[in-house]
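Visitor: I'm new to this one and would like to learn how to read it. Could you walk me through it, a feature at a time?

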Amino acid sequence: MPTKICACCGQSFPPDPRVKNQAYCSSPACQAERRKRWRQSRSRTDEVYLDNKSRAQRAWLDRNPDYWRTYRANGAGTPNKQIIDSKPALAPLSGLYRIQFIPNIDPAKSDEWIAEISPVCADCPCKENECKDITRSTN
Ligand SMILES: [Zn+2]
């Protein structure tokens with residue numbers, strides 16, 4: 001039976017056939033060391049990840065040089081206010097909606113669909129969004 005040399009204690013051990021690339025023997029101290037080394041290599045991986053992320057953020061700022069000017073103009077307590085304000089307010093998305101396709105008569109945008117999305121209850125007989133409440137009892 002082939003044996004392996006433990007990467008921690010240096011003793012030879014019979015590898016468990018269920019464990020691929022087993023490098024540590026089964027002693028609790030060596031298993032604890034294995035987990036510790038795994039965590040350390042993992043946090044190094046995370047550092048690389050964070051470094052890539054901050055690089056990506058810097059690249060984004062290079063493309064959006066007005067971001068911090070806008071941020072400061074709106075006061076530090078309201079980051080990105082102008083960008084937020086320029087977006088239409090989003091209604092809650094859960095519920096029943098009707099999608100109605102509208103003919104697109106603009107030949108320059110012939111590959112686009114125009115769809116109108118409206119809440120079903122806006123013009124359904126209940127008028128009070130009751131039909132959205134599917135758990136409501138009917139007794
Ligand atoms: Zn060992």
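Guide: Let's begin with a cysteine. C8 is partly exposed, with a relative accessible area of 33%. Buried means under 20% relative accessible area, exposed over 50%, and partly exposed in between (1.4 Å probe, protein chains only). Before we go on: this is a predicted model, where local features need pLDDT of at least 70 and side-chain atom pairs count only at pLDDT 80 or more, while totals for chains, interfaces and linings use all residues. Residues are numbered from 1 along each chain as its sequence is written, and side-chain values use heavy atoms, with hydrogens and water left out.

Visitor: How many disulfides are there by the rule?

Guide: A disulfide is a covalent bond between the sulfur atoms of two cysteines. The rule asks for a pair of cysteine sulfur atoms within 2.5 Å, and the count here is zero. Take C8 again: its closest cysteine sulfur, in C30, is 3.8 Å away, so that is too far for a bond.

Visitor: Which residues coordinate the zinc ion?

Guide: Donors are N, O and S atoms within 2.8 Å of the metal (3.2 Å for Na, K and Ca); water is not among the atoms, so sites may look incomplete. Here the SG atoms of C6, C9, C25 and C30 coordinate the zinc ion at 2.2 to 2.4 Å. Along the sequence, these donor residues follow the spacing C-x2-C-x15-C-x4-C. The pair C6 and C30 links distant parts of the chain, 24 residues apart: C6 is in the loop between β1 (4–5) and β2 (12–13), and C30 is in helix α1 (residues 28–63). Both C6 and C30 are buried, whereas C9 is partly exposed at 34%.

Visitor: What is the geometry of the zinc site?

Guide: Four donors count as tetrahedral if all angles lie between 85 and 135 degrees. The four donor atoms here make angles of 104 to 116°, and the site is tetrahedral.

Visitor: How many helices and strands does the chain have?

Guide: Helices (H or I, at least four residues) and strands (E, at least two) are DSSP runs, numbered from the N terminus. This chain has three helices and four strands, in the order β-β-α-α-α-β-β. Of its 139 residues, 11% are buried.

Visitor: Which salt bridges could I look at in helix α1?

Guide: Side chains of opposite charge can pair when their charged atoms come close. A salt bridge is a side-chain nitrogen of Lys or Arg within 4 Å of a carboxyl oxygen of Asp or Glu, and five are counted here. One of them joins D51 and R55 (3.1 Å, N to O), which both lie in helix α1, four residues apart, or about one turn. E33 pairs with R37 at 2.8 Å and with K36 at 3.9 Å. Shared partners join E33, K36 and R37 into one network.

Visitor: And which residues form the nonpolar patch?

Guide: Patches are made of residues with over 30% relative accessible area and no salt bridge; like charges are joined within 9 Å, and nonpolar side chains (Val, Leu, Ile, Met, Phe, Trp, Tyr) within 5 Å. Here Y97, I99, F101, W113 and I117 form one, with about 610 Å² of accessible area together (Shrake-Rupley method, 1.4 Å probe; for residues, only the protein chains shown count as cover). Strand β3 (residues 97–102) gives the largest share, three residues. I117 lies in strand β4 (residues 114–119) and is exposed at 54% relative accessibility.

Conventions: Four donors count as tetrahedral if all angles lie between 85 and 135 degrees; four count as square planar and six as octahedral if opposite donors are over 155 degrees apart and all others between 65 and 115; anything else is irregular.
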